[in-house]
Amino acid sequence: MKMRASRLATTGLCALLVALNLGTAWAGEVQVAVAANFTAPIQAIAKDFEQDTGHKLVSSFGATGQFYTQIKNGAPFEVFLAADDTTPAKLEAEGDTVKGSRFTYAIGTLALWSAKEGYVDAKGQVLKDNQYQHLAIANPKAAPYGLAATQVLDKLKLTEATKAKLVEGQNITQTFQFASTGNAELGFVALSQIYKDGKVTSGSAWIVPAELHDPIKQDAVILDKGKDNPAAKALVDYLKGPKATAIIKSYGYEL
Amino acid sequence: MPLSDPDLSAIWLTFKLASLTTLILLLVGTPIAWWLARTRSRLRGPIGAVVALPLVLPPTVIGFYLLLTLGPHGFIGQATQALGLGTVVFSFSGLVIGSVIYSMPFVVQPLQNAFAAIGNRPLEVAATLRASPWDSFFSVVLPQARPGFITASILGFAHTVGEFGVVLMIGGNIPDKTRVVSVQIYDHVEAMEYMQAHWLAGAMLVFSFLVLLALYSNRQGKPGWS
């Protein structure tokens, strides 16, 4: 009796393993490293992508610089959706990508945001009035939205005036956290974090005019690890398609 | 000079933070450890568990909830604002508060063990010699628990030097105020300045080794080590 039970269990286990294996053989899986600011859109896109193509999307979210280090050291990512255009270009130059796969999947929009309703006016005058205690920005050395924020302050000649009030998040997610918890009254965040279907979802914001900073081009690339994976190619094609671009735009990105 | 000025000021800030935190922890931790070692109260278990909690909770989780409670909408933040102190997030004092909570078990537990190891006997003897409780604490307990205090100080200091997650969450990376060595190394790596990261990390490694060397060379066969 005991013998039979264990044999039954073994058979069951084998069947399960075979089924799992078949599952991955039918529909591919693609490992994607996604810039933190693109978290919400990729989750929306993943749903459609999985439905339309049958491939499964496994995303990791993080800072672009951190992903670079991990990719250089053998991380299993197959597609990289970066927050800038320089990191994918660097990887390409260093031979870690599939040649010719690099393209701009979104152009980020910077917003000055406060969790308080009515705190930020439509022209960003609140910055010049200088009544706040803390202004959160992302680390300009590592995060493109942080770099853009410092360019805006420079253009508005506010660099000196804001110097003592700046607090830095390590990435745009943390910057948003500082502002959303009210610890910083103001923060330069990604519009995608506070925007859905044509309007700001909470608090108050000034959508920073694009001419005040260099464009925040976000590039995607197929990495060396994904070169033989049809699901990786499928994802990149899908991102260029009308369904995905509509979603991307609905989060306040330009294209 | 392989270490830049911002690196050096991060080192100095870390040193200040760790020293101040250790000092506060010795002052706050001694009575707590004493009470935990000697009480028969039913609260001993729960209080001991609360003191040990920072060992288990991930530092970024502690940091996130400090950000919420110390912030303008949190209850501690509301209290400090009502007292006219503003909020302590993004300041050196905020980091000290965070570090005290984060490193608490590393100071309390060696002290608690040291106090427990002394037992009742020496205190009873002191009492029969008419020593007041304070007198016996200073002339009997403190000298006997000395190894425990040394261990507690070294561990508290070293653990604060290595702190990252809490500082990351409540610091805001402000030079000379909240940008400590661990955050500075992370910054270098994020910015792909690997060489600078290596130098700073190397300095930290040497420092940590020396601290642990001091700890283990000093500690042979003495009580008070958990």
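## Strand β1 of chain A

In chain A, strand β1 (residues 29-35) is mostly covered, with six of its seven residues buried. The description here and below refers to a predicted model.

β1(A) is paired with two other strands of chain A. Strand β2 (residues 56-62) of chain A runs parallel to β1(A) and is joined to it by seven bridges. Within this pairing, A:Ser59 in β2(A) is the residue that A:Val32 stands opposite. Between β1(A) and β2(A) the chain passes through helix α2 (residues 39-53) of chain A, and the resulting β-α-β crossover is right-handed. Strand β3 (residues 79-81) of chain A is likewise parallel to β1(A), and three bridges join them. Here A:Val34 stands opposite A:Leu81 in β3(A). As a general point, the side chains of a regular strand alternate between the two faces of the sheet.

## The sheet of chain A

These strands belong to an open sheet of five strands in chain A, ordered β2-β1-β3-β12-β4, and the pairing within this sheet is mixed. At the edges stand β2 and β4 (103-108) of chain A; each has a single partner strand, so one side of each has no neighbour in the sheet. From one strand to the next, the twist averages 20°.

A helix also packs on this sheet: α4 (residues 86-93) of chain A touches β3 and β12 (216-222) of chain A. The direction of α4(A) makes about 35° with that of β12(A).

## Overall form of chain B

The secondary structure of chain B consists of eleven helices and zero strands. Along the sequence, chain B therefore reads as the pattern α-α-α-α-α-α-α-α-α-α-α. Taken along the principal axes, the box filled by the C-alpha atoms of chain B is roughly 65 × 45 × 25 Å.

Of the 226 residues in chain B, 38% are buried. Among the contacts in chain B with a separation of 6 or more, 74% are between residues 24 or more positions apart.

## Where chain B touches chain A

The two chains meet through 17 residues of chain B, which are in contact with 16 residues of chain A. On the side of chain B that touches chain A, the elements giving two or more residues are α3 (59-70) and α10 (181-190) of chain B. The most is given by α10(B), with three residues. By class, this side of chain B has ten nonpolar, five polar and two charged residues.

## Helix α10 of chain B

How many of the ten residues of α10(B) are buried? Nine of them are, so α10(B) is largely enclosed by the rest of the structure. The buried residues of α10(B) are B:Val181, B:Ser182, B:Val183, B:Gln184, B:Ile185, B:Tyr186, B:Asp187, B:His188 and B:Glu190. In general, an α-helix has 3.6 residues a turn, so residues three or four places apart point the same way.

After α10(B) comes B:Met192, which has a positive phi, near 60°.

Terms used. Residues are numbered from 1 along each chain as its sequence is written. Chains are lettered from A and ligands numbered from 1 in the order in which they are written. This is a predicted model: local features need pLDDT of at least 70, side-chain atom pairs count only at pLDDT 80 or more; totals for chains, interfaces and linings use all residues. Two residues are in contact if their C-beta atoms, placed from the backbone, lie within 7 Å. Helices (H or I, at least four residues) and strands (E, at least two) are DSSP runs, numbered from the N terminus. Ala, Val, Leu, Ile, Met, Phe, Trp, Tyr, Cys and Pro count as nonpolar, Asp, Glu, Lys and Arg as charged, and the others, Gly among them, as polar. A residue is buried if 20 or more other C-beta atoms lie within 10 Å of its own, exposed if 12 or fewer, and partly exposed in between; C-beta atoms are placed from the backbone. Two strands pair if DSSP finds at least two bridges between them. A crossover is right-handed if, with the strands pointing away from the viewer, the path from the first strand over the helix to the second runs clockwise. Axes are lines fitted to C-alpha atoms, for helices over the stretch in contact, and angles run from 0 to 180 degrees between N-to-C directions.
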